Amino acid sequence: MSTSTPPSLVACQAISAAELLAEIDREHGVILDAIGVFETARGDELGAAWERIIAYAREHFEHEEQHMGVLAAEVREAHIANHQRIASILEDLTAEIGHPLTKVDRLVRVLRDWLETHIDRHDRLLVDALR
Ligand SMILES: [Fe+2]
Ligand SMILES: [Fe+2]
């Protein structure tokens, strides 16, 4: 029996990495969409929309962290620390949801700024390493 890697398996691994990258991209899109839903939500819808963002973000962080073995320790730790930071900011902001003086626009800006900066500084390094 040959011990060389069959070409189909190599192709599979390549697709698998590509699929993972596509999945990470898709998840970013889902979080962005959830932020968009929160932005247009009113009254009672705000709480559920906010919770959805937190749930998606948590799930996405866990997913990324499962694949961080490809990163150098300090890069991985900085990335995970940034996930933890935003998770704790989201938890803190939860107290504001439903308050009559809550500025939804400000929260949306915080979320979009974070996502953009995080993808640029941290996710990019993960994506490059997985490629
Ligand atoms: Fe990340
Ligand atoms: Fe991400």
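In this predicted model, the axes of α2 and helix α3, the latter spanning residues 73-94, approach within 11 Å and cross at roughly 165°. Since angles over 145 degrees count as roughly antiparallel, α2 and α3 are therefore roughly antiparallel to each other, and the crossing in which α2 passes α3 is left-handed. The contacts between them involve Trp50, Ile54, Ala57, Arg58, Phe61 and Glu65 on the α2 side, which meet Ile80, His83, Ile86, Ala87, Leu90 and Thr94 of α3.

Among these residues, Ile54, which lies in helix α2, counts as partly exposed because it has 16 C-beta neighbours inside 10 Å, where 20 or more would be needed for a residue to be buried. Ile54 and Thr94 are separated by 40 residues in sequence, yet their C-alpha atoms are 9.4 Å apart in space.

Helix α2 also takes part in the largest nonpolar core, a set of nine residues consisting of Ala34, Ile35, Phe38, Ala49, Trp50, Ile53, Ala57, Leu107 and Leu111. At least two residues of this core come from each of α1 (7-40), α2 (45-65) and α4 (104-130), and α2 provides the largest share, with four residues. Within the core, Ile53 can be followed outward through its contacts: leaving aside residues up to four places away in sequence, Ile53 touches Ile31, Ala34, Ile35, Phe38 and Leu111.

Leu111 leads on to α4, in which Leu107, Leu111, His122 and Leu126 are buried. This helix is not straight throughout, for α4 has a kink of about 45° centred on Asp123.

Key:
Residues numbered from 1 in each chain as written. Chains lettered and ligands numbered in written order. Predicted model: local features only at pLDDT ≥ 70, side-chain atom pairs only at ≥ 80, totals over all residues. Core = buried A, V, L, I, M, F, W, Y, C linked by C-beta atoms within 7 Å. Buried ≥ 20, exposed ≤ 12 C-beta atoms within 10 Å, placed from the backbone. Contact = placed C-beta atoms within 7 Å. Bend = angle between axes of the 7 residues up to and from the residue. Axes fitted to C-alpha atoms, helices over the stretch in contact; angles between N-to-C directions. Parallel < 35°, antiparallel > 145°, perpendicular 65-115°, else oblique. Left-handed = near helix turned anticlockwise from the far one by under 90°.
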